[in-house]
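Reader: Before the particulars are discussed, I should like each label to be justified against its criterion. Please show the model and begin with the terms of exposure.

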Amino acid sequence: MLHEATGASSFSVELFWGIVLLLLAPACYHFTPGVDEVTTDHKELLGSSETVRGFFDRFQAAYQQRDSTLYGQLLAPRFWFTYHDFVANADRSWTRDVDANTTYRLFKASRSTKLQWMQYLPAPARSRRTR
């Protein structure tokens, strides 16, 4: 009887160490890439906001990730979106808050978004309108 209890105890110990080995084996996987030693500036990760290309890269990332926080960081506090309504032959505008809210709802309603820039050109210099 003592031998049977020791056998059960031995089986429990072997089972315990077998489970531990199975849990630790993935941590020792020899095909896992090493840790990257190069530090990356998180501000530059999605593109530099100081350049035109960096701005468009961040804009594209915000849309593709449907990230309204990243999108909001691209808009100045006094941002106004203006477009020409050809039917009414009038310029229409809305504020940063309306734009951010509308974009947030767009991101929530869509399953995925994809932007591809064919080319972008600097806008000609023009006088700033004040509101």
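Author: A residue is called buried under 20% relative accessible area, exposed over 50%, and partly exposed in between. The model is a predicted one.

Reader: Why is R53 called exposed?

Author: R53 has a relative accessible area of 55%. The label requires a value over 50%, so R53 is exposed.

Reader: What makes the contact of R53 and D57 a salt bridge?

Author: The criterion is a side-chain nitrogen of Lys or Arg within 4 Å of a carboxyl oxygen of Asp or Glu. For R53 and D57 the N to O distance is 3.9 Å, and therefore the pair satisfies the criterion. The two residues lie 4 apart in helix α2, so about one helical turn separates them. D57 counts as partly exposed because its relative accessibility is 26%.

Reader: How many salt bridges are there by this rule?

Author: The count comes to 2. Besides the pair in α2, R92 forms a salt bridge with D85, with the closest N and O atoms 3.4 Å apart.

Reader: Are D85 and R92 buried or exposed, or in between?

Author: D85 stands at 18% relative accessibility, and so counts as buried. R92 has 35% and therefore counts as partly exposed.

Reader: How do you know that the length of α2 agrees with its number of residues?

Author: Helix α2 covers residues 52-64, which is 13 residues. The expected span is 1.5 Å times one less than the number of residues, so α2 should span 18 Å; its end C-alpha atoms are 18 Å apart, which agrees. Just after this helix, R66 takes a positive phi of about 50 degrees.

Reader: Which residues of α2 are buried, and what covers them?

Author: The buried residues are G54, R58, F59, Q60, A61, A62 and Y63. Their cover includes α3 (68-73) and α4 (96-109).

Reader: Where is L46, and which residues does it touch?

Author: L46 is in the loop between α1 and α2. Leaving aside residues up to four places away in sequence, L46 touches G54, D57, R58, A61, Q65 and L70. L46 is called partly exposed because its relative accessible area is 31%.

Reader: What makes β1 and β2 a pair of strands?

Author: Pairing requires at least two bridges between the strands. Strand β1 (residues 80-85) and strand β2 (residues 90-95) are joined by 6 bridges and run antiparallel, so the requirement is met. Within the pair, T82 stands opposite S93 in β2. The two strands form a hairpin with 4 residues between them, and N89 in the turn has a positive phi of about 50 degrees.

Reader: Which residues form the nonpolar patch on the surface, and why does F11 count as exposed?

Author: The patch consists of F11, L15, I19 and L23, with about 430 Å² of accessible area together. F11 lies in helix α1 (residues 2-24). Its relative accessibility is 53%, so F11 counts as exposed.

Reader: How many helices and strands does the protein chain have, and in what order do the elements run?

Author: The chain has 4 helices and 2 strands. From the N terminus on, their order is α-α-α-β-β-α. Of the 131 residues in the chain, 15% are buried. The chain exposes about 11,700 Å², and carbon and sulfur atoms supply 60% of that area.

Methods: Residues are numbered from 1 along each chain as its sequence is written. This is a predicted model: local features need pLDDT of at least 70, side-chain atom pairs count only at pLDDT 80 or more; totals for chains, interfaces and linings use all residues. Side-chain values use heavy atoms; hydrogens and water are left out. Patches are made of residues with over 30% relative accessible area and no salt bridge: like charges are joined within 9 Å, nonpolar side chains (Val, Leu, Ile, Met, Phe, Trp, Tyr) within 5 Å. Accessible areas come from the Shrake-Rupley method with a 1.4 Å probe; for residues, only the protein chains shown count as cover. Buried means under 20% relative accessible area, exposed over 50%, partly exposed in between (1.4 Å probe, protein chains only). Contact means heavy atoms within 4.5 Å.
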